[in-house]
Amino acid sequence: MVARDFGADYVWNVHQQDMERDKIFKPEIAADLRLGRRPRNMTDDEDTIYDFLIELQQNRCVSEPSYQRALARFGEQGIIDLIAIQGLYGILSMVANVARVPLPFDGAVPLPHYPD
């Protein structure tokens with residue numbers, strides 16, 4: 001989600017390979033994320049994580065209902081882990097973009113630009 005938001009082609013492509021290889025998400029979830037869409041057919045855990053992180057990403061904070069839902073499912077440590085991972089990918093995306101890191105392998109596909 002963060003790599004998509006930053007348009008970080010390198011970060012997206014490297015981790016998309018990992019997602020596919022390790023079957024972290026269903027392919028249609030990754031495809032929706034790549035296009036900047038809310039994924040369909042998520043599990044309850046995926047839905048909770050998506051809602052929490054997209055709200056944090058867009059608003060720089062989360063509402064009480066989002067916080068309580070994530071807290072009930074993942075606990076305080078889980079929330080800290082989600083925030084830390086999102087922050088790490090933000091840093092990686094910014095560094096890759098500023099350094100103009102090229103696509104990581106032949107056949108890697110740039111992220112589509114969001115519509116204007």
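Two residues are in contact when heavy atoms of one lie within 4.5 Å of heavy atoms of the other, and this idea of contact is what lies behind the word "cover" in the report below. The structure described here is a predicted model.

**The chain as a whole**

The chain contains five helices and zero strands, and read from the N terminus its elements follow the order α-α-α-α-α. Taken along the principal axes, the C-alpha atoms fill a box of roughly 45 × 30 × 30 Å. A compact globule of 116 residues would have a radius of gyration near 13 Å, and the chain, with 15 Å, agrees with that expectation. Of the 116 residues, 34% are buried, while the surface that the chain exposes comes to about 7500 Å², of which carbon and sulfur atoms supply 57%. If one looks at contacts between residues at least 6 apart in sequence, 58% of them join residues that are at least 24 apart. The side chains include 12 positive and 18 negative ones, and the centres of these two sets lie 4 Å apart.

**Helices α2 and α3**

Helix α2 covers residues 9-22, and because each residue should add 1.5 Å, its 14 residues should span 20 Å, which agrees with the 20 Å between its end C-alpha atoms. The table sets out the buried residues of this helix and of α3, together with elements that cover them.

| Helix | Buried residues | Cover includes |
|---|---|---|
| α2 | Val11, Trp12, Asn13, Gln16, Met19 | α1 (2-6), α3 (27-34), α5 (64-98) |
| α3 | Ile29, Ala30, Asp32, Leu33, Arg34 | α1, α2, α4 (44-59) |

The two helices thus appear in each other's cover, since α3 is among the elements over the buried residues of α2, and α2 is among those over the buried residues of α3. Each helix is also followed by a residue with a positive phi: after α2 comes Lys23, with a value near 50°, and just after α3 comes Gly36, with a value of about 75°.

**A closer look at Asp32**

Is Asp32, a residue of helix α3, buried or exposed? Its relative accessible area is 3%, and since buried means under 20%, Asp32 counts as buried. Leaving aside residues up to four places away in sequence, Asp32 touches Arg37, Arg38, Pro39 and Arg40. Three of these names, Arg37, Arg38 and Arg40, are arginines, and Arg counts as positive whereas Asp counts as negative.

Notes. Residues numbered from 1 in each chain as written. Predicted model: local features only at pLDDT ≥ 70, side-chain atom pairs only at ≥ 80, totals over all residues. Heavy atoms only, no water. Helix = DSSP H or I, 4+ residues; strand = E, 2+ residues; numbered from the N terminus. Expected span 1.5 Å × (residues − 1). Buried < 20%, exposed > 50% of the residue type's maximum accessible area, 1.4 Å probe, protein only. Rg over C-alpha atoms; globule rule 2.2 N^0.38 Å. Areas by Shrake-Rupley, 256 points an atom, 1.4 Å probe, with all protein chains shown as cover. Charge placed at Lys NZ, Arg CZ, Asp CG, Glu CD.
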